[in-house]
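Work through the following exercises with the sequence and the model open beside you. Each task is followed by a solution that goes step by step.

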Amino acid sequence: MEVCACDVCTLHVCIRFHTQITVYDQENFQGKRLEFTSACQNIMESGVDNIRSLKVECGALLFKDPSDPLVLSTFSSVRVVDSWTGYEHSSFCGQQFVLERGEYPHWESWSGSNAYHIERMMSFRPICSANHKESKMVLFEGENFMGRQWEINDDYPSLQAMGWSNNEIGSMQIQGGAWVCYQFPGYRGYQYIMECDRHGGEYKHYREWGSHAQSFQVQSLRRIQQ
């Protein structure tokens, strides 16, 4: 059954957006295949012991009033982009992996060849707040929003190269969009997904970044694709 994220109606046109993730229990899109349009807390409850490849796609169904001459009859569908967060363990715990629109034939496709060797993904959920145009976050040198601060709205493969004083961030305020922060420069190492609609957009301490976070170390970050 299709689950829709939002509806937009104008000029007798209704565009209903939906996002979908298709997972496979073997690499290269082989084996058992399952489709989801909402969060999955434990993939084993669907009869799969692990996710070894996946596809993320998003589309839109367009409905129009055929009696309205202002609506173009050739306008049959549009496509939008949405993203998901994958987790190493069930119940959205463990290492996080940002899953943007595209195909992931094996574990290195989502964890990166320079990341830690984790071949397990057991749960996932959609990211609803990704928005490139409105992405904005404030970095703080100390925890609880103390010390030097820096407002950013762009991608940074190396925070130190752009003027941040050290390799740690004490706290963050996500004022718009969704971001993925990385432990090392060049978008490598642990991934931390930060969203404006979770925790009220406030991350006061690294313990709020995720169950796998063990330090304040963040050296690169980027906006999650819309």
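**Exercise 1. Decide whether S83 is buried or exposed, and describe its surroundings.**

Solution. S83 has a relative accessible area of 0%, so it counts as buried, given that buried means under 20% relative accessible area, exposed over 50%, and partly exposed in between, with a 1.4 Å probe and protein chains only. Before going on, keep in mind that this is a predicted model, in which local features need pLDDT of at least 70 and side-chain atom pairs count only at pLDDT 80 or more, while totals for chains, interfaces and linings use all residues. Residues are numbered from 1 along each chain as its sequence is written, and side-chain values use heavy atoms, with hydrogens and water left out.

The next step is to place the residue: S83 belongs to strand β6, residues 83-89, where strands (E, at least two residues) and helices (H or I, at least four) are DSSP runs numbered from the N terminus. Leaving aside residues up to four places away in sequence, S83 touches L99, E100, P126, I127, I224 and Q225, a contact being heavy atoms within 4.5 Å. As for Q225, its backbone oxygen lies 3.1 Å from a polar atom of the S83 side chain.

**Exercise 2. Find how β6 and β9 pair, and over how many bridges.**

Solution. Two strands pair if DSSP finds at least two bridges between them. β6 and β9 are joined by 5 bridges in the antiparallel sense, and within this pairing F124 of β9 is the bridge partner of G86. Strand β9 covers residues 123-127, and 5 of its 5 residues are buried.

**Exercise 3. State the order of the strands in the open sheet that contains β13, and name its edge strands.**

Solution. The open sheet has 3 strands in the order β14-β13-β16, with antiparallel pairing. Its edge strands are β14 (188-195) and β16 (220-223), each of which pairs on one side only. From one strand to the next the twist averages 20°, with axes taken as lines fitted to C-alpha atoms and angles running from 0 to 180 degrees between N-to-C directions. Strand β13, residues 178-184, is joined to β16 by 4 bridges, and one of the residues involved is C181, whose bridge partner in β16 is L221.

**Exercise 4. Classify the ring pairs Y24 with F29 and W150 with W164.**

Solution. Begin with the rule: rings of Phe, Tyr and Trp (its six-membered ring) pair if their centres lie within 6.5 Å, and planes under 30 degrees apart count as stacked, over 60 as edge-to-face and the rest as tilted. The structure holds 13 aromatic pairs. In one of them, the centres of the Y24 and F29 rings are 5.6 Å apart and the planes stand at 65°, so this pair is edge-to-face. For W150 and W164 the centres are 6.0 Å apart and the planes stand at 15°, so that pair is stacked. Because W150 lies in strand β11 (residues 146-152) and W164 in the loop between β11 and β12 (171-176), the pair ties together parts that are 14 residues apart in sequence. W150 is buried at 18% relative accessibility, and W164 is buried at 2%.

**Exercise 5. Which charged end sits over the ring of F29?**

Solution. The charged end of K55 sits over this ring, 4.7 Å from its centre; the rule asks for NZ of Lys or CZ of Arg within 6 Å of the ring centre and within 35 degrees of the ring normal.

Technical notes: A polar contact is a pair of N or O atoms within 3.5 Å; within protein, one must be able to donate a hydrogen and the other to accept it, and residues adjacent in sequence count only if both atoms are side-chain atoms.
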